[in-house]
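User: I'd like to go through this one together, question by question. Can you pull it up first?

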Amino acid sequence: MAKLDWSNLNFGYIKTDYNVRCYYRDDAWGELEVHDSDKIELHMAATCLHYGQEAFEGLKAFMGEDGKIRIFRMDENAKRMQSSADGILMAKVPSELFQKAVIKAVELNRDYVPPYGSGAALYIRPLLIGTGAQVGVKPASEYLFMVFVTPVGPYFKEGFKPTPVVIMREFDRAAPQGTGNLKVGGNYAAGMRSGIKAHSEGYSAVLYLDSKEKKYIDECGPANFFGIKNNQYITPESKSILPSITNKSLKVIAEDMGLEVISRRVPYEELETFNEVGMCGTAAVISPIARIDDADLNTSIIYSKDGKPGPVSEMLYRKLRDIQNGLEKDKYGWITVVE
Ligand SMILES: *Cc1c(COP(=O)(O)O)cnc(C)c1O
């Protein structure tokens with residue numbers, strides 16, 4: 001096993017031994033290649049550099065107490081990357097190829113899967129870019145799909161703890177009929193300025209309102225939003241939200257726990273009626289929200305007075321983590337075990 005301080009890793013980049021690549025040329029995907037260099041050679045006129053033909057995914061592999069490595073819902077990531085590719089006219093990676101590449105990248109770097117109990121995981125980053133040279137604005141005819149992995153530390157170094165978020169109406173993340181529902185780099189470029197501003201002011205994320213009317217909740221930077229009240233799990237529905245696989249999974253678990261699951265538009269005014277609110281995504285599973293500040297109206301809604309997460313968020317979080325770590329039976333068929 002690699003000698004790393006597993007519990008103190010951050011969410012940076014650590015080189016592992018291998019990455020996996022596949023090229024799309026002449027209208028067909030080639031063979032999977034294994035590389036040990038983490039550099040790629042790229043044409044300076046590649047469409048990914050000029051016109052943002054780039055989509056990515058993020059998922060994790062976990063070491064269980066039983067010594068088995070578990071990958072969470074990679075078939076869903078495969079589907080989502082296809083929808084991203086479709087959305088910005090890139091070649092689609094067949095689901096089988098996607099999953100084969102992910103498994104291969106994990107198997108080849110098994111020394112970097114953090115040990116059980118460290119709270120750390122192996123982050124898997126599939127990436128699809130337009131590599132064909134093209135100066136006119138049109139889709140490339142050549143693409144590169146690659147998968148690299150890097151160990152990441154526990155999201156909550158001081159335990160599962162709520163943090164504040166902020167509403168700032170001067171920024172939009174995605175246009176109402178734009179690409180907000182695709183996992184493409186362009187959305188991240190659009191959210192960089194607001195995200196960094198929020199961080200520098202002590203917030204963990206921007207809570208975006210819908211870009212058109214600023215009346216409804218969209219999502220939280222790189223995570224979906226949910227609220228809990230009256231035994232209901234409520235999450236916004238909008239064409240500009242990225243469909244989170246964590247959110248999709250939490251909905252299933254919430255329903256199994258006896259909560260009513262509701263996806264609909266969530267008006268701004270409803271925020272103060274929730275007992276618990278949180279963000280969800282692969283990085284943290286759930287990141288409970290302590291407080292929502294409205295930077296424009298100078299108001300605040302406080303959800304956690306004692307610095308502790310709400311009981312429903314805590315239960316949902318534990319349950320999903322236990323499935324990922326193999327402590328809970330995988331009755332939904334979400335886990336791929338790498339032997
Ligand atoms: C990736 C992402 C999420 C979270 O999705 P998961 O599949 O749960 O990791 C949420 N919002 C945005 C904008 C994202 O890019």
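What follows is a short run of questions and answers on the ligand site, the salt bridges and the surface.

User: Before we start, what kind of model is this, and what pLDDT do local features need?

Analyst: This is a predicted model, in which side-chain atom pairs count only at pLDDT 80 or more, totals for chains, interfaces and linings use all residues, and local features need pLDDT of at least 70. Residues are numbered from 1 along each chain as its sequence is written, and side-chain values use heavy atoms, leaving out hydrogens and water.

User: Which residues are closest to the ligand?

Analyst: A residue counts as near if one of its heavy atoms lies within 4 Å of the molecule. The ligand has 15 residues around it. That shell divides into 5 nonpolar, 6 polar and 4 charged residues (nonpolar is Ala, Val, Leu, Ile, Met, Phe, Trp, Tyr, Cys and Pro; charged is Asp, Glu, Lys and Arg; the others, Gly among them, are polar). The closest are K183, Y188, S244, T246 and T282.

User: How much of the ligand's area does the protein bury?

Analyst: Start with the polar contacts, meaning pairs of N or O atoms within 3.5 Å; within protein, one must be able to donate a hydrogen and the other to accept it, and residues adjacent in sequence count only if both atoms are side-chain atoms. Ligand oxygen atoms sit 2.4 Å from a polar side-chain atom of Y188, 2.8 Å from a side-chain N or O of R80, and 2.9 Å from a polar backbone atom of I245. Taken alone, the ligand exposes 380 Å² (Shrake-Rupley, 1.4 Å probe; for residues, only the protein chains shown count as cover). The share the protein buries is 95%.

User: How many residues apart are D294 and R169?

Analyst: Their side chains meet in a salt bridge, N to O at 2.6 Å; the rule asks for a side-chain nitrogen of Lys or Arg within 4 Å of a carboxyl oxygen of Asp or Glu. D294 is in strand β16 (residues 285-294), while R169 is in the loop between β9 (163-167) and α4 (185-200). Those elements are DSSP runs numbered from the N terminus, helices being H or I of at least four residues and strands E of at least two. So the pair links distant parts of the chain, and along it the two are apart by 125 residues.

User: Is D294 buried or exposed?

Analyst: Buried means under 20% relative accessible area, exposed over 50%, and partly exposed in between (1.4 Å probe, protein chains only). Its partner R169 is partly exposed at 25%. D294 has a relative accessibility of 3%, so the call is buried.

User: Which residues are joined into one network by salt bridges?

Analyst: The count of salt bridges comes to 20. One of them pairs E270 with R264 at 2.8 Å, N to O; E270 is buried at 9%, whereas R264 is partly exposed at 28%. Salt bridges that share partners make one network of R73, E76, K79 and K248.

User: Which residues form a nonpolar patch on the surface?

Analyst: Patch members need over 30% relative accessible area and no salt bridge, with nonpolar side chains (Val, Leu, Ile, Met, Phe, Trp, Tyr) joined within 5 Å and like charges within 9 Å. V34, in strand β3 (residues 33-35), is partly exposed at 40%. Together the patch has about 220 Å² of accessible area, and its residues are Y18, V34 and L108.
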